[in-house]
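Trainee: I would like to go through this model one point at a time. Please show it before we start.

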Amino acid sequence: MLLYALLVFLVGACGGLILASFVLRGRFAPWAVSLLHALLGATGIVLLILAVMLDNLGALPLVALGLFLITAGFGFFLATLHFDQKVAMKRYVLTHAGFAVTSVIVLLVAVLLG
């Protein structure tokens, strides 16, 4: 199940790259991509929660889950800005992206070592 979560997060990351490319150019990101990105992130988190709860996988998946939850918190904050028709500050987007990349790397290591 860790592999499926990783794949969902990687597909969601493609949407994140599209969204970031808009915001970093000072443009409003498309709603459809934003919603799909959020849906994929939430799906990945649910799969990761299930994997952690159902199997004794060690510490790395749990660390990845914690990092993804922090990433989701930043994502919710960015979504509130999007909902208010505001373009997010670049540092907020880069912080969200930094946590997301770190989370994916930790999950990838967990998958490779598992």
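Trainee: Which residues in helix 2 meet residues in helix 3?

Mentor: This is a predicted model. On the helix 3 side, the contact holds P61, L62, A64, L65, F68, L69, A72, H82 and F83. By class, the contact of the two helices has 13 nonpolar, two polar and no charged residues. The helix 2 residues that meet helix 3 are W31, S34, I45, L48, I49 and V52.

Trainee: Is helix 2 roughly parallel or roughly antiparallel to helix 3?

Mentor: Helix 2 covers residues 31–54 and helix 3 residues 59–83, and their axes come within 10 Å. The axes cross at roughly 155°. Angles over 145 degrees count as roughly antiparallel. Therefore helix 2, relative to helix 3, is roughly antiparallel.

Trainee: What is the handedness of that crossing, left-handed or right-handed?

Mentor: The axes in question are those of helix 2 and helix 3, which come within 10 Å. Their crossing is left-handed.

Trainee: Is H96 buried or exposed?

Mentor: H96 is found in helix 4, residues 90–113. Among the residues it touches are H37, F74, G75 and L78. A polar atom of the H96 side chain lies 3.0 Å from the backbone oxygen of T71. Buried means under 20% relative accessible area; because the value for H96 is 14%, H96 is buried.

Trainee: Is L112 buried or exposed?

Mentor: L112 is also placed in helix 4. Its C-alpha atom is separated by 10.0 Å from that of L2, 110 residues apart along the chain. The cut-off for exposed is over 50%; since L112 has a relative accessible area of 67%, L112 is exposed.

Note on methods. Residues numbered from 1 in each chain as written. Predicted model: local features only at pLDDT ≥ 70, side-chain atom pairs only at ≥ 80, totals over all residues. Heavy atoms only, no water. Axes fitted to C-alpha atoms, helices over the stretch in contact; angles between N-to-C directions. Helix = DSSP H or I, 4+ residues; strand = E, 2+ residues; numbered from the N terminus. Parallel < 35°, antiparallel > 145°, perpendicular 65-115°, else oblique. Left-handed = near helix turned anticlockwise from the far one by under 90°. Contact = heavy atoms within 4.5 Å. Nonpolar A, V, L, I, M, F, W, Y, C, P; charged D, E, K, R; others polar. Buried < 20%, exposed > 50% of the residue type's maximum accessible area, 1.4 Å probe, protein only. Polar contact = N/O pair within 3.5 Å; in protein donor to acceptor, adjacent residues only side chain to side chain. Lists of a residue's contacts leave out its neighbours within four places in sequence.
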